[in-house]
Amino acid sequence: MILLSAKTLSSSPFLLRSSPHPQNHNPKPLSACQALPESEYRTERGLTFDSGDSFFRHESATGRDLGVLAASLYKKSKGSVRVLDAMCGCGIRSLRYLVEAEADFVLANDANENYGRTILENLSQGLGGSGEERRWVVTHTDANRVMTECYLRRDFYDLIDVDSFGSESSFLRSAYNALKLDGLFYVTSTDGYTSGGHRPHHSLASYGAFVRPMPYSNEVGLRMLIGGALREASVLGYRITPLFSYYSYHGPVFRVMLRMNRGKLPENRNYGFISYCTECGNSQAFSWNELGRICCPCSDAKVSSSLVVSGPLWIGPLHNASYLTEMLNLAEQWGWTGNDTETHLGKLLKQMIDESDPKLPFGYIKLDEVASRAKINSPPLRTMMSALNKEGYAVSRSHIAFNAIKTNCPMAVCIRIAKELQQC
């Protein structure tokens, strides 16, 4: 492990930095006049930083927003928060945890030593003041190794953020080992090809789920990720609960915030199989006890080639509505939802809260599929939602797919309603 300080030749392996806990969550951008010729300065939520040569996506800012809000809520409830940023890149995520969430300590790690100076400069610029309070340290080692070493030193963290690439799942167990009980684990996948059901043996190896093509594959990606995390947690005697699940089309990126505690889910609750019938368009969830008896009502309880089954996956709720409400309230307090440039985050959180309705099943229905089956033009989304509500069905927008709804209405009824709307 390589530990870096502000001075490359410093005798101390740690960078000691103290600053007053900031209260301004939209601080003034720092001057970029100190930039090196090869530097590329950017601004995110009022914080100026250098992305250097690291892989950086400004589109991922929303995912960072959600992580910062969760870290801040944790600190408000527990009194302190220590963060391990296992794959920190240029360090902007670590910087935001320190400045905006007011983290008491952040371990910023990235295996690429070439990012060292960029990370140090970013964290140094973001925190002023004097004193000997250690608030952050930069390391360069493999993510699994740094988390394992933390576990061996009994150096446990309140929030571990692993912003990994692809469907890499080998870090799950080492992250749990380094996480405090009731701590938060922010897990990532960017493998949309596998979640789309195009590499079922790959999803089986990575997450223990045989995933096949389904019309709501991006939600399947979130459920595959949670299911794999649940399986690894159960091996260690832990249970996990999703606080929120976020999908973004760029990448694509699947991010889930999990809370970890002792114990296992009773009788495999919320961990099972899902099916989609290409004939009638309906989806169902099945428990382990129902294996061998999976069928669709449209086939008169007979085995049908039109039934596509994936699993085991997480089939429970993707979000915790009360937790998301707290996040939304905090975002509003910080001014992150109050003007035209910040409305996306507020809209996203509100959609996630709507998706948390316990009446809503897994998956979503694309209105284009309804229109195709009904052989009509696609009905307006708001009009369709209003009609479903009038007939007593639960319905919400999906934050995952444009022009798609989550509803407990059967496909056949959706088709009928769409036809009636077309006639009107």
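Arginine 255 lies over the face of tyrosine 186, at 3.7 Å from the ring centre. A comparable placement is found for arginine 45, which lies over the face of tryptophan 336 at 4.4 Å from the ring centre. These positions come from a predicted model. The structure also holds 11 aromatic pairs, and its sheets include one with the strand order 12-11-13 and one with the order 14-16-15.

**Aromatic pair of tyrosine 216 and tyrosine 364**

- Tyrosine 216 and tyrosine 364 form an edge-to-face pair, with 6.2 Å from centre to centre and 70° between the planes.
- Tyrosine 216 belongs to the loop between helix 7 (200–207) and helix 8 (217–235), and tyrosine 364 to the loop between helix 10 (343–355) and strand 14 (365–366), so the pair ties together parts that are 148 residues apart in sequence.
- Both tyrosine 216 and tyrosine 364 are buried.
- Ring pairs also join Tyr216 and Tyr364 with Tyr276 and Phe362 in a cluster.

**Aromatic pair of tyrosine 271 and tryptophan 288**

- The ring centres of tyrosine 271 and tryptophan 288 are 6.1 Å apart and the planes stand at 40°, so this pair is tilted.
- The pair links distant parts of the chain, 17 residues apart: tyrosine 271 is in strand 11 (residues 271–277), and tryptophan 288 is in the loop between strand 12 (283–286) and strand 13 (307–314).
- Tyrosine 271 has a relative accessible area of 9% and is therefore buried, since buried means under 20%.
- Tryptophan 288, at 35% relative accessibility, counts as partly exposed.

**Sheet with the order 12-11-13**

- This open sheet is formed by 3 strands with antiparallel pairing.
- Strand 12 and strand 13 are the edge strands, each pairing on one side only.
- On average, neighbouring strands of this sheet are turned by 25° against each other, direction ignored.
- Strand 11 pairs with strand 12 in the antiparallel sense over 4 bridges, and tyrosine 276 stands opposite serine 283 in strand 12.
- Helix 8 packs on the sheet and touches strand 11 and strand 13; the direction of helix 8 makes about 45° with that of strand 13.

**Sheet with the order 14-16-15**

- This sheet is open and has 3 strands, again with antiparallel pairing.
- The edge strands are strand 14 and strand 15 (395–397), and each pairs on one side only.
- Strand 15 and strand 16 (residues 404–407) pair in the antiparallel sense over 3 bridges.
- Valine 395 stands opposite threonine 407 in strand 16.

Terms used: Residues numbered from 1 in each chain as written. Predicted model: local features only at pLDDT ≥ 70, side-chain atom pairs only at ≥ 80, totals over all residues. Heavy atoms only, no water. Phe/Tyr/Trp six-rings, centres within 6.5 Å; stacked < 30°, edge-to-face > 60°. Helix = DSSP H or I, 4+ residues; strand = E, 2+ residues; numbered from the N terminus. Buried < 20%, exposed > 50% of the residue type's maximum accessible area, 1.4 Å probe, protein only. Lys NZ or Arg CZ within 6 Å of the ring centre and 35° of its normal. Pairing = 2+ DSSP bridges. Axes fitted to C-alpha atoms, helices over the stretch in contact; angles between N-to-C directions. Contact = heavy atoms within 4.5 Å.
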